[in-house]
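Here is a briefing on one sheet and one helix pair. Please look over the sequence and the structure before reading on.

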Amino acid sequence: MVQPLDIGEYRNVYEPGRVECASTGEMRPLEEIIGQERALRALRFGLEIRERGFNVYAAGAQGTGRMSAVRSFLDQLAKAKSRANDWVYVHNFENQYEPNAISLPAGRGTEFRDDMKRFIEEVRQALPRAFQSEAYTERRDKTLQSLQDRRTDLIARINQRAQEAGFVIQMSPIGLLTIPVIDGRPTPEEEVITLPEDVRAEIQRRRDALNTELRNTLRQVQDLERQGMEAVKGLNHDIALYAIGNLVAELKEKYADVPEIPEYIDAVQNDILENLQTFLGMPEQPGIPPQFQAFIRELPFRKYEVNVVVDNAEAKGAPVIVEENPTFQNLLGKIEREVQFGIFTTDFTMIRPGSLHKANGGYLVLNVEDLLRAPFSWDGLKTALKTGKIVIEEPGERMGFITAKTIKPEAIPLDIKVALIGTPMLYHLLYQLDPDFKELFKVKADFDTVMDRNDENARKYADFMCNLVREENLRHLDREAIARVIEHGSRLAADKKKLSTHFAAIADLIREANFYAASDGAEMIEKQHVMKAIEEKVYRSNLIQKKIEEAIEREIFLIDTEGEKVGQVNGLSVIGLGDFAFGRPSKVTASVGVGREGIVDIEREAALGGPIHTKGVLIINGYLNNKYAHDKPLSLSARLVFEQSYEGIEGDSASSTELYALLSALSGLPIKQYLAVTGSVNQKGEVQAIGGVNEKLEGFYEVCKAKGLNGNQGVLIPASNVQNLMLKEEIVEAAKAGKFRIYPVRTIDEGIEILTGVPAGTRREDGTYEEGTVNYLVDRRLREMAETMRGFQPMPAK
């Protein structure tokens with residue numbers, strides 16, 4: 001018969017003497033990421049390869065240090081890279097609705113912005129000074145004087161010709177009027193119409209001839225005026241060009257190494273020369289309040305500003321951007337608007353960058369859950385990565401819902417590496433459902449939840465504690481506290497040979513222990529403070545567990561922890577409450593009778609059993625067939641049920657429990673009720689490992705303690721689960737005192753022997769079992785059922 005497990009196997013104790021230093025104060029801070037060699041190797045490959053599509057998906061459970069590892073790795077990698085370029089948007093003088101993007105070396109974006117601002121200020125001072133000078137006035141008057149003389153001569157000649165033709169010329173709102181002179185005085189039209197017809201005809205003939213000459217002369221006057229305007233314009237152009245030429249040349253020379261800037265400066269110069277009046281002073285607009293006059297005067301100069309959207313002046317290497325709220329606009333940028341006189345307006349100065357702009361030339365880190373939660377963000381990111389361009393547009397415009405006229409900034413070339421942080425489940429969903437995902441994120445960095453528990457990793461665990469207490473100014477941990485935290489790491493990993501890489505939980509444990517150390521006035525965090533932090537965390541969350549234990553103690557939930565009963569066994573399950581999981585004992589019963597229904601799972605019939613639990617019940621049927629039906633049919637009708645269970649049941653960890661209950665019911669042998677069972681079973685009768693073994697054991701122990709420990713109580717677990725045991729110290733002490741036992745079993749035969757105290761029995765060569773054994777009794781009962789069924793004649797229907 002299987003012997004109880006050695007007490008040393010209950011918990012893998014980490015002896016404080018194995019800790020090299022007396023406290024974390026004597027340790028060196030951790031300078032590396034621990035326990036994630038596979039993930040770091042994938043990260044290094046994905047982030048250093050330059051080909052497109054090799055972006056990274058860092059997959060792992062929450063709290064395993066995915067984000068910290070990626071950020072730490074990227075910070076080191078980025079320092080060795082060159083700084084990314086700055087990007088600015090400027091006015092497009094050919095099409096104001098399509099602002100131009102210009103790339104400059106890192107740090108020169110703001111410099112160019114300031115230089116342009118200073119240039120425009122100097123131009124606004126230089127031009128009025130040039131046009132208010134006496135030299136300009138003299139040249140302008142000299143240029144216009146000859147034209148004015150010619151104009152005066154033309155007007156005098158037409159007046160002379162009008163006098164000779166008997167007319168005078170008079171200005172009117174509708175143009176020049178030719179008025180006939182009769183008897184030495186101008187004659188109004190009212191008197192002309194009273195003259196004889198032949199006189200009027202003669203006047204009209206002379207007027208038509210005069211009007212022809214007048215039109216010719218007026219055209220000459222207009223040509224002279226046009227020549228005058230062009231001469232003045234040319235003079236103004238020359239004066240302005242002379243006034244700002246040195247400023248323009250200086251600016252172009254400074255930025256000659258940036259191909260697009262000299263071209264842009266030429267466009268600025270041409271625009272200044274075409275809009276000189278703007279620089280010479282605009283008259284006040286009538287009807288506009290004084291407080292808006294300054295705004296209106298400055299508005300025309302906004303087109304000469306430079307909008308710096310990416311500034312890498314202070315960068316120490318390639319940019320590393322972590323976007324914590326990846327909305328569409330936060331990711332790809334936006335175009336803001338302002339209200340001017342009640343109207344929404346925008347221009348290139350209101351273009352705002354997104355994370356892709358800031359990370360361009362470097363690295364962008366995104367949480368995939370946040371990314372998928374934000375409308376349009378995932379599609380926007382994919383489009384940018386596929387096209388290699390960042391296009392700023394409104395989400396509504398992207399979907400075709402908005403058609404309002406607005407600006408369309410020039411797209412910026414994209415050179416970036418993206419690291420997505422998410423769970424393995426989301427990785428598989430994206431890989432299966434989105435064809436673009438596998439083309440854009442070709443590198444998967446898998447973050448493990450556990451690492452080997454060895455001396456090196458234990459030392460690194462302690463170094464992590466050293467880092468935490470120094471970064472957050474906590475108390476240092478002494479040697480025993482360090483050892484206790486390492487043990488808790490194995491408890492979280494549910495494996496005595498592993499340590500959990502869920503460093504967020506470890507950090508929280510140390511923070512809570514620091515609180516209790518401070519409450520006690522201790523200089524350091526000691527073992528009792530770590531223990532109290534663990535216990536208090538459980539206490540804050542175990543209300544439901546205690547309610548169930550109370551119900552069992554008061555016999556509201558019927559669980560026997562003493563005596564023996566046929567067809568009844570204590571099964572163990574785990575209830576998860578999000579932040580807390582605990583084991584709950586359940587009474588599993590079996591009833592048998594003659595029939596052909598086989599094994600009926602009442603949980604499944606009541607729609608409470610999940611598919612995996614149903615599979616476990618079907619495996620039991622396979623076990624019975626394999627074990628007992630080699631020489632007879634199974635004429636069995638059995639019912640299996642979890643008593644007082646009112647919620648869904650899933651998993652196969654109770655399949656061995658149900659089989660034990662069924663074997664007891666068939667053999668008539670009682671099962672010891674002070675023992676509980678967990679483990680799944682296969683058709684060959686091998687007991688297989690299950691999850692949550694620590695919680696299940698502790699759950700039954702708590703019930704036994706509440707109802708009274710009698711020295712016989714214990715639990716049967718799969719032998720393969722012994723390596724997962726990291727039980728509470730209280731259970732270890734109870735075992736040392738002989739009050740609780742654990743039996744590791746490998747087969748159903750081993751388990752039924754412990755539960756009944758009767759040998760299981762082996763099959764002999766003739767196919768029978770040894771008399772008096774469990775298998776003999778079960779086989780005999782099944783044979784009796786088969787014979788009963790064969791001789792049974794159903795009553796004829798009436």
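The points below cover the sheet, the helices on it, and a helix pair.

The model is predicted: local features need pLDDT of at least 70, side-chain atom pairs count only at pLDDT 80 or more, and totals for chains, interfaces and linings use all residues. Residues are numbered from 1 along each chain as its sequence is written, and side-chain values use heavy atoms, leaving out hydrogens and water.

**Sheet**
- Three strands, in the order S3-S2-S7, make an open sheet with antiparallel pairing (strands are DSSP E runs of at least two residues, numbered from the N terminus; two strands pair if DSSP finds at least two bridges between them).
- S3 (100–104) and S7 (307–310) are the edge strands, each with a single partner strand, so one side of each has no neighbour in the sheet.
- From one strand to the next, the twist averages 30° (angles run from 0 to 180 degrees between N-to-C directions, with axes fitted to C-alpha atoms, for helices over the stretch in contact).
- Five bridges join S2 (residues 86–90) to S3 in the antiparallel sense, and Tyr89 is opposite Ala101 of S3.

**Helices on the sheet**
- H3 (residues 108–131) lies across S2, S3 and S7, at about 30° to S2 (helices are DSSP H or I runs of at least four residues).
- H7 (residues 260–274) packs on the sheet and touches S2 and S3 (contact means heavy atoms within 4.5 Å); its direction makes about 135° with that of S3.

**Helix pair**
- H18 (residues 479–493) packs against H19 (residues 503–520) at about 140°, with the axes 11 Å apart.
- Val485, His488, Gly489 and Leu492 of H18 meet Ala505, Ile506 and Leu509 of H19.
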